[in-house]
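Got a minute to look over a structure before heading back to the bench? Here is a quick briefing to read alongside it.

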Amino acid sequence: MKQRMQAQDGTRPTEITALLGRGTSFDGKLHFSGRVRIDGRFEGEIQGDDVLVIGEGAVVRGSILVSSCIVTAGEVHADIRARQSIELHAPAHVTGSLHAPAVFIDRGVKFEGSCTMAPLDAPDGADGVEPAAADEPAG
């Protein structure tokens with residue numbers, strides 16, 4: 001007898017719970033739980049408790065905060081923050097900052113920006129860089 005793995009909400013771990021398909025566009029805020037895939041155009045803020053997949057034909061602009069972000073193709077102009085991991089696969093084009101405890105960038109990905117491999121909850125200055133001191137008047 002074959003058993004399927006199911007999440008607490010009854011969905012399989014690899015099941016897509018929402019899709020913004022090719023030829024569709026959305027401007028605004030997206031808050032989700034479960035796996036979401038974007039193959040269309042999205043501009044705005046994305047927050048989620050699970051996996052965001054950005055696929056072929058996607059153009060995403062804005063900010064992303066999720067558990068894991070997988071960019072398999074498409075174009076992303078966003079700051080991506082992930083609690084677990086970020087994966088960039090060829091032929092993706094990504095511009096912006098990446099911040100996650102684990103980051104994978106495949107050969108062939110076009111990436112322009114900054115990358116921080118550290119937990120999101122790391123305190124300021126944990127990267128060894130001291131914040132600039134404010135200018136104080138002499139006196």
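What follows is a short tour, from the overall fold down to single residues.

Keep in mind that this is a predicted model. The protein chain has zero helices and ten strands, and 32% of its 139 residues count as buried.

**Overall layout**

- Read from the N terminus on, the elements simply go β-β-β-β-β-β-β-β-β-β.
- Take the contacts between residues at least 6 apart in sequence: 4% of them join residues at least 24 apart.
- About 8800 Å² of the protein chain is exposed, and carbon and sulfur atoms supply 49% of that area.

**The nonpolar core**

- As background, nonpolar side chains tend to be buried together in soluble globular proteins.
- Here, the largest nonpolar core has 26 residues. Those touching the most other members are Ile38, Ile46, Leu52, Ile54, Val60, Ile64 and Val76.
- Six elements are named as giving two or more residues each to this core: strand E3 (35-38), strand E4 (41-48), strand E5 (51-54), strand E6 (59-71), strand E7 (75-88) and strand E8 (93-100).
- Which strand gives the largest share of this core? That's E7, with six residues.
- For a closer look at one core member, try Val76. Leaving out residues up to four places away in sequence, Val76 touches Ile54, Val60, Ile64, Val71, His93, Val94 and Thr95.

**Salt bridges**

- The count comes to five salt bridges, and three of them are worth walking through here.
- Arg22 and Glu56 pair up through their side chains, with 3.3 Å from N to O. Arg22 sits in the loop between strand E1 (16-20) and strand E2 (25-32), while Glu56 is in the loop between E5 and E6, so to speak a link between distant parts of the chain, 34 residues apart.
- Are these two partners buried or exposed? Arg22 counts as exposed because its relative accessibility is 56%, and Glu56 counts as exposed at 52%, the cut-off being over 50%.
- Arg83 and Asp49 also meet in a salt bridge, at 3.9 Å from N to O. Since Arg83 lies in strand E7 and Asp49 in the loop between E4 and E5, the pair ties together parts that are 34 residues apart in sequence.
- Arg83 is partly exposed at 36% relative accessibility, whereas Asp49 is exposed, with a relative accessible area of 59%.
- Salt bridges with shared partners join Asp27, Arg41 and Glu43 into one network.
- Within that network, the closest N and O atoms of Glu43 and Arg41 are 3.6 Å apart. Glu43 is partly exposed at 40% relative accessibility, and Arg41 is partly exposed too, at 31%.

**The aromatic pair**

- The structure holds one aromatic pair. How do the rings of Phe26 and Phe42 sit? Their centres are 5.6 Å apart and their planes are at 20°, so the pair is stacked.
- Phe26 belongs to strand E2 and Phe42 to strand E4, so the pair ties together parts 16 residues apart in sequence.
- The two rings' residues have their own settings: Phe26 is partly exposed at 37% relative accessibility, whereas Phe42 is buried, with a relative accessible area of 2%.

**A glycine in E6**

- Gly62 is found in strand E6 and counts as partly exposed, at 34% relative accessibility.
- What does Gly62 touch? Not counting residues up to four places away in sequence, Gly62 touches Gly44, His77, Ala78 and Asp79.
- Glu43, from the salt-bridge network, turns up again here: Gly62 and Glu43 are 19 residues apart in sequence, and their C-alpha atoms are 5.7 Å apart in space.

**Cysteines**

- A disulfide is a covalent bond between the sulfur atoms of two cysteines. How many does this structure hold? The number of disulfides is zero.
- Cys69 is buried, with a relative accessible area of 0%.
- Cys115, by its relative accessible area of 38%, is partly exposed.

Terms used. Residues are numbered from 1 along each chain as its sequence is written. This is a predicted model: local features need pLDDT of at least 70, side-chain atom pairs count only at pLDDT 80 or more; totals for chains, interfaces and linings use all residues. Side-chain values use heavy atoms; hydrogens and water are left out. A nonpolar core is a set of buried Ala, Val, Leu, Ile, Met, Phe, Trp, Tyr and Cys residues joined through side-chain atoms within 4.5 Å. Buried means under 20% relative accessible area, exposed over 50%, partly exposed in between (1.4 Å probe, protein chains only). Helices (H or I, at least four residues) and strands (E, at least two) are DSSP runs, numbered from the N terminus. Contact means heavy atoms within 4.5 Å. A salt bridge is a side-chain nitrogen of Lys or Arg within 4 Å of a carboxyl oxygen of Asp or Glu. Accessible areas come from the Shrake-Rupley method with a 1.4 Å probe; for residues, only the protein chains shown count as cover. Rings of Phe, Tyr and Trp (its six-membered ring) pair if their centres lie within 6.5 Å; planes under 30 degrees apart count as stacked, over 60 as edge-to-face and the rest as tilted. A disulfide is a pair of cysteine sulfur atoms within 2.5 Å.
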